[in-house]
Structure formats: C-alpha cells, structure tokens
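Dear colleague,

Please find the structure below, followed by some notes on its salt bridges.

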Amino acid sequence: APERARDDRTRRRLFVPTITATVGTRAALLEVPAGLDDTDPRVAALSRAPREALTKRLLWLVAGLGGEVGFTELRALLPRIDASDFGACSESLAWLVGQEWVEQRGDDAIALAFGVSSAEVLARLGRETGVARARGGVLTHFLDQAHQARARCDEADREMWLLRGVAILRADPDVPPTMVADVLLQLAEVELDRGDLEAARGFLGDVFSLRGLSASAEVAVRLRYAELYAAEGRLERGLDALSDATASARDASDAPLVARCGVVQVGLLFRDAELRRAATRLESLTSADVREPTLAIPLAVATGRIRAAQGRANEGVAGLEAALEAVALDDVRIEVPAHLALGQLLVVNGQLSAAADRFEQSRGTARAMGLRDLEIGALIGLGDVARLEGRPEDAARQLRRAAGLAEAGRDRASHGAATAGLALALAHT
C-alpha cells in the first residue's frame, strides 16, 4: 500500500501509467479506504458537529499535513482554510478529540486518532464545499514551502511538502490540472537530481497525460523530458522534445520560455558535438538580449564552452566572469555550476591557480548545502588542476574522493569521469 511504501520511490506514482490521467477520469480511480464506513458512529457524528463546516475543514487540514501537526504550524495555516477565529477552532478541535477523530500528542501537537488514515479523511472530505474553497490555498502553501526548501537546498524538506501535496491530489479529483502539474513536475525534478530516471519518467508521464494544462506547463514538461533524455544519453530525443517545447512557447508568444528552450538546446547540441548548430542557435539567443539571471548565467556558460571549443577560451572566461558580476543570484543550483564551468574554462585557458580557487569555492558551497553532484564536479576539477601542475599524488587523492562520493550516490556518469581522471593521474606517478 502507498501508505506503507513512503520510502519506496518506485511507489510514489500518483496514477496508473496505462490509464489516461485526466482530471475528469481520475474520479473513477478513487476509492474511500475500508477503514471507516458510513455506519461508523464517527462518520454520522461529523454531520452533526458544531460549526460543521469549520470542523470538517480542520479535520481535512490535519490529514493534509500528514496526519500529525504542531499547534504552531496549524495556527499559521488557519487563514488558508478561512478559520481565523482561534477560539472557534479550539472548540472544534476539542469536539474532534471527543469523537475520537483526532488525539493530542504531548503539549504541542495534534494527530489523527488510531485507525483513522489521512487518505480516508482526504477522500471523504475533499469535495465538501468549504474544503474545496480552502484546498487551493493549502496546496499553494505546500508549493511555496517546496520552492523555499529548494532555494536553501533542503531536498528532504522540499520532498516532504511535495508529498503532502500528492496526498491531496491522490484523494481529490477536482484539483486544477495546472496545480497538479506543478506538484508532479517538481517531484520529477527531485528524481532527476537524484538520478532516479525511472521515477522521473513516471511523474512526467502523469503530467503529460493531463488535459487542460497551461502553455507554460506544457513547455515545462517537454523541457523536463529533454533533460531526462539527455541524462539517458539519448540526445536526439532530447532535441526533438526541445523542438516541441519551443514550438509550444512560440505559439503562446512567451519570449522568456522560448529563450529558456534555446539555452537548453544549446547545451544539448554542444554535448552532441554539434558545434556549428550550437553556435548558430547561440547567436539567435544572444541577439534576443536575455536578461533574466536564470537564463543569462546558463547562456553565458554555454557561450563560454563553445568559445573554448573554438579556441577562444579567453573570450569565454571574460564573458562568464562578466555575467557573474552583473547579476545577483540567490539560487546555488545556478551559481555553483556556473563557477564550476568558469573553473573548467580557466583550465583550458591555462589559468590553473585561478581555476583551483573557483573549484575550492564551489566545493565548499556544495558541501555546505549538501549538493553531492556539484561537490563531485569540484573535486574532479581540483584533481585535473593538480595533475596539470605536476602533482599526481594530490590529483589521485582528490579524484579518489570524487569517485567514492559518486559510487555512494550511484552517479555512474560522475564515477566514470572521476575514474578516467584517476587513471590519468596514476599514469604520471
């Protein structure tokens, strides 16, 4: 059962992949769990509760928060369910305790009572008029918290908030498709970051089958598919997905989305050794004057790599340094890869000391934020610098650490890069 398999990523699927998962058809897939039936006295009592609508919203909220919540967090969320009168809320909670729907945990928390599951409550109350109105505000809160967790690189907290959203989506067929897509696209990104491509594909398939998506959501799912294909080494499929994404963005007259598709396309073309096509696409983006930091920095990275491949690494270094100085970044998932890329360009340009500084800076940030993949990249860079400076023992030490981290994280691509570098270092000892 999904409740028991919370730690099993392969069971986090919201829909059955062979079924068209539209908002309209999902209702046919839902079943109220058998733990509570309509003859249960608690169910009958709920319709006679004092302040019935408020009581049901509170019970639904506790279930939506995973079945247990501290009073501080609960109080902060009360305005989201139109429940600002804390005195009335206290009376409703006391009634729910008396009816054995919930129970107090210590002095500062409340939880669903034994035998009452979150899924049961969400399924029974999701279509109540008051709950339906509150649902959007609560899901928005979950998504806001997930975005904030991503910004501070707290992937565990981010996933917790997203899985809370999934619990509501699973039980409620009336959630707007754009909100469904937002939750599932973020979960796909989590799985892509950790390298679980099968789970990412599942979430993307769920989003792709939704009807009524916004143009931006349709573009976003195609971009994620491009990243998935690239991670699988199927770059041509990735480029096909990007072509579809670009066409959708142009149909929507969304210039920033068109530019984002172009930046990703340049990166894939470069990886596929299509240097001329990458340079041509790059020029079209440069002329569009992309200013948003989330686009400008990746564009400067792509430009630098292409310039280095053209034998003009000094221009790539200058351009990326200027871009990093010109914009204020608050997303380390953009900033650290940019500094790693700058270190690699500095190596190509023969500026080994400056490159080492960038790699050390990137490694410190990545390690502090728990970004293992970026820490591995920094260690590989430091190993390359040490080897080129004639310090093979130091190079081997850094590259062994990188290989160890990659193996522990089941990152095959990084492990291959680290072991290849290690072989070069050992050849010079």
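A salt bridge here is a side-chain nitrogen of Lys or Arg within 4 Å of a carboxyl oxygen of Asp or Glu. The model is a predicted one, in which local features need pLDDT of at least 70 and side-chain atom pairs count only at pLDDT 80 or more, while totals for chains, interfaces and linings use all residues. Residues are numbered from 1 along each chain as its sequence is written, and side-chain values use heavy atoms, with hydrogens and water left out.

By the salt-bridge rule the count is 19. One of them joins Arg201 to Glu232, with the closest N and O atoms 2.3 Å apart. Because Arg201 lies in helix α9 (residues 197-208) and Glu232 in the loop between α10 and α11 (235-251), this pair ties together parts that are 31 residues apart in sequence; helices are DSSP runs of H or I with at least four residues, numbered from the N terminus. Arg201, at 31% relative accessible area, is partly exposed, and Glu232 is partly exposed as well, at 29% (buried means under 20% relative accessible area, exposed over 50% and partly exposed in between, with a 1.4 Å probe and protein chains only).

A second group is a network of salt bridges that links Arg158, Glu189, Arg224 and Glu227. Within it, the side chains of Glu189 and Arg224 meet at 3.6 Å, N to O, and this pair connects helix α8 (residues 177-194) with helix α10 (residues 215-231) across 35 residues. Both Glu189 and Arg224 are buried. Arg224 also forms a salt bridge with Glu227, the closest N and O atoms being 3.0 Å apart; because these two are three residues apart in helix α10, about one helical turn separates them. Glu227 is partly exposed, with a relative accessible area of 33%.

With best wishes
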